[in-house]
Number of protein chains: 2
Amino acid sequence: MEDVAAAAGVSRSLVSLVFQDSPKVSEASRSRVLAEAERLGYRPNVLARQLASNRTRTIGILLDDLHNPYFADVLDAFEAEAESAGYRALLANGRREGERESEALGTFIDHRVDGVILASPRISDSVLTSMSKIAPLVCVERRVDLPRIDVVMHDERVGAQLVVDHLIALGHRDIVHIDGGSGAGAAARRDWFMQSMRDAGLSASMRVIGGEFTEQAGREAAEQLVRGAMPTAIYCANDAVAAGVAAVLQREGISIPGDVSLVGYDDTMLAKLDLLSLTSVRQPLAAMAKASVDLINRRIEKPRRGAEIVDIAPSLVTRRSTAAPRD
Amino acid sequence: MEDVAAAAGVSRSLVSLVFQDSPKVSEASRSRVLAEAERLGYRPNVLARQLASNRTRTIGILLDDLHNPYFADVLDAFEAEAESAGYRALLANGRREGERESEALGTFIDHRVDGVILASPRISDSVLTSMSKIAPLVCVERRVDLPRIDVVMHDERVGAQLVVDHLIALGHRDIVHIDGGSGAGAAARRDWFMQSMRDAGLSASMRVIGGEFTEQAGREAAEQLVRGAMPTAIYCANDAVAAGVAAVLQREGISIPGDVSLVGYDDTMLAKLDLLSLTSVRQPLAAMAKASVDLINRRIEKPRRGAEIVDIAPSLVTRRSTAAPRD
DNA sequence: AGCGTGAATTGGAGCGCTCCAATAGCATGC
DNA sequence: GCATGCTATTGGAGCGCTCCAATTCACGCT
């Protein structure tokens, strides 16, 4: 920096201002400094800059599991939003363990991020509370109820409603839900399914099978159905479960959607696969990302604000896995 | 830090040494400092530490596309390896554009990472060359030939050999390869397939169809095959292509592996899907990660070392998509 | 000529740490 | 009683930047 300043015949401060895009630098000085910097191959040291300004313009994004294609979509949306709001995104991989997640959160704090977005975190409330005193935290898809922690959810009620309405409109009545067991959000998904069915006057023909958010769980549930009474439609807790179900049905020679309609959740890469072409609920990730970054910005401005909960409505993407039931 | 030092009755320097795990601190001082730090909630500022020490103990990992499940596997392996070698991993998402990748590489450099691992990068040689003067660079799965840039590859020759041997052992002779077009590594994959077929004396019955590394390309190639002469086995440039092929075959009522055997590449989540259960070549990611981090370490020690190329043999994972051809 | 104005520029303190050379403390050996 | 060699500590300069208050400068105005 010293060298650039000398070469351009200005002070170090002026060089600093140029690289901050300050409006109060004359055009002449600006271009001279820029030219010399280019010539000398100077790039500002981000570390020093962050240390001196006490602002990193960085948001930490903590993901649960990058193997789940859903989180790749989540990442994309959030990274894009952070970037367009002028932040750099730092990424960490929680690998489905609360312990590792807490650690990653600590790393974010150590790096003085301006805020952290936690996607479906498993971290304990006590860790969340203590961290929330240091940096703004936003929980996505987990409804925590803690003093200064904002929450962004997609609206499970709407999701269930969309699925049930779609299936009923096609003529289905005998619908099974394979749930996500004790996984995050599984209870809400199941409960709203039941509520929607009841509202439609179908409490008699609705069924729920216990599962998990995995392909394996989908296979097991499907085998159980194949041995017993098949419904005309199966609504799965997520796309992975639906993939497991599809595998078993195919092996058994049961056609989708000819014999049974299949619905997933999350609209991941799996649903888009032509082999599966799965009707699925698409979470409003872009809107959720926008809301999250907004909440962080607002909490930076006003740290003592009360916690907010934002709910955003999902949409249904219909594909070839759903159709009217036979006869 | 000042406060901790005062509370523990020692100097700032001593506190610094404690947090560096220096061996020359007495047990008494160490525990006193640690206790006070704990009590006061002190955590060292990573930024200041990195600035002062001029070492970040951080490796940048540049991925091409997190939507491709292959890269989720790559990330896992490399992150784990970096961590166990005492580095923190910084992640960036290139999103399949050389431009964005160059930018991300610039960000890494700005953050003074100790080294960068580039997975299948599309960056131009000139950018690579200039960046390699600032930080150690390792290219994974791209065979660049530049002065100080090390390369880690999995051995395409072995991969092709494994596939061809497996299919021949099952009794196949009429084998089609759907290639990756102009994608990274596609040429090598195709060429070694042809070489292996020739070596087996099957040049007459071998065929290659032009494609791309996408599901869409797989569908198109499959449609072409369905309309023309079907082989007894199809070897795809990657798993996504195989998924596309499988979708078309299923729709046409062509059974896998009854009528035709299918082989993929990369052994991603897709291959593991029960619906597909795809025989696929597994890249030795853990070994590749280890080699990469090693190369970075060695280049930090000896920056002017000549470029090295490391080749690592992959393995074949056989699943239900391959079997002996009909009669 | 003297003045006020606003824009452009500058000097220097400070961000929170590391690291080096210097110092303190203390048991040894003679 | 003193030099010697340790190890445990300390002071202070310095990492590369930002940011504030102060200064300079050119300009138009009375």
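In this predicted model, strand β10 (residues 279-282) of chain A pairs with strand β12 (residues 315-317) of chain A in the antiparallel sense, over three bridges. One of the residue pairs here is A:S280, whose bridge partner in β12(A) is A:V317. β10(A) also has a parallel partner: three bridges tie it to strand β9 (residues 261-265) of chain A. In that pairing, A:T279 of β10(A) sits opposite A:V263.

A little before β9 in the sequence there is a cis peptide bond. Most peptide bonds are trans. In chain A, though, the bond joining A:I256 and A:P257 is cis, with omega at about 5°, and A:P257 belongs to the loop between α11 and β9 of that chain. Chain B has a cis bond too, joining B:I256 and B:P257, with omega at about 0°. B:P257 falls in the loop between α11 (239-251) and β9 (261-265) of chain B.

How are the two chains related? Chain A goes onto chain B by a rotation of 180° with 0.1 Å of shift along the axis, at an RMSD of 0.3 Å. That is what a two-fold axis does. Where they meet, 30 residues of chain A contact 30 residues of chain B. On the chain A side, α4 (46-53), α5 (69-84), β2 (88-93), α10 (215-227) and α11 (239-251) each put in at least two residues. By class, that side of chain A splits into 16 nonpolar, seven polar and seven charged residues. The copies use the same surface to meet, because 100% of the interface residues of chain A are interface residues in chain B as well.

B:E215 gives a residue-level look at a contact between the chains. This glutamate is in helix α10 (residues 215-227) of chain B. It is buried, because 24 C-beta neighbours lie inside 10 Å and 20 are enough to count. Setting aside neighbours within four places in sequence, B:E215 contacts A:L273 and A:D274 from the other chain, plus B:A240, B:V241, B:A243 and B:G244 from its own. B:E215 and B:N238 are 23 residues apart along the chain, with 9.2 Å between their C-alpha atoms.

Now for the DNA. Around strand C there are 24 residues, and the closest are B:M1, B:S16, B:N45, B:A48 and B:A52. Both chains take part, with α2 and α4 of chain A and α2 and α4 of chain B each giving two or more residues to the surface near this strand. The largest share, five residues, is from α4(B). The class make-up near strand C is twelve nonpolar, nine polar and three charged residues.

DNA strand D likewise has 24 residues around it, and A:M1, A:S16, A:N45, A:A52 and B:S11 come nearest. The elements giving two or more residues to this surface are α2 (12-19) and α4 of chain A, along with α2 (12-19) and α4 (46-53) of chain B. For strand D it is α4(A) that gives the most, with five residues. The surface near strand D holds twelve nonpolar, nine polar and three charged residues.

Back in chain B, helix α8 (residues 156-170) has 15 residues, which should span 21 Å at 1.5 Å a residue, and its end C-alpha atoms are indeed 21 Å apart. Buried residues in α8(B) are B:E156, B:G159, B:A160, B:Q161, B:L162, B:V163, B:V164 and B:L167. Just past the helix, B:G171 has a positive phi of about 110°.

Several arginines in loops are worth a look. B:R142 is in the loop between β4 (137-140) and β5 (150-154) of chain B and is partly exposed, having 18 other C-beta atoms within 10 Å. Leaving out residues up to four places away in sequence, B:R142 touches B:S120, B:P121 and B:A184. B:A184 is 42 residues from B:R142 in sequence, yet their C-alpha atoms are 7.0 Å apart.

Most residues other than glycine have a negative phi. A:R57, however, has a positive phi near 50°. This arginine is in the loop between α4 and β1 (58-63) of chain A, and 15 C-beta neighbours inside 10 Å make it partly exposed. A:R112 also has a positive phi, near 55°, and is placed in the loop between α6 (98-110) and β3 (115-119) of chain A. With 18 C-beta neighbours inside 10 Å, A:R112 is partly exposed.

Methods: Residues are numbered from 1 along each chain as its sequence is written. Chains are lettered from A and ligands numbered from 1 in the order in which they are written. This is a predicted model: local features need pLDDT of at least 70, side-chain atom pairs count only at pLDDT 80 or more; totals for chains, interfaces and linings use all residues. Two residues are in contact if their C-beta atoms, placed from the backbone, lie within 7 Å. Helices (H or I, at least four residues) and strands (E, at least two) are DSSP runs, numbered from the N terminus. Ala, Val, Leu, Ile, Met, Phe, Trp, Tyr, Cys and Pro count as nonpolar, Asp, Glu, Lys and Arg as charged, and the others, Gly among them, as polar. A residue is near a molecule or strand if its C-beta atom, placed from the backbone, lies within 6 Å of it. Two strands pair if DSSP finds at least two bridges between them. Copies are superposed by least squares on the C-alpha atoms of residues with pLDDT of at least 70 in both. The expected span of a helix is 1.5 Å times one less than its number of residues. A residue is buried if 20 or more other C-beta atoms lie within 10 Å of its own, exposed if 12 or fewer, and partly exposed in between; C-beta atoms are placed from the backbone.
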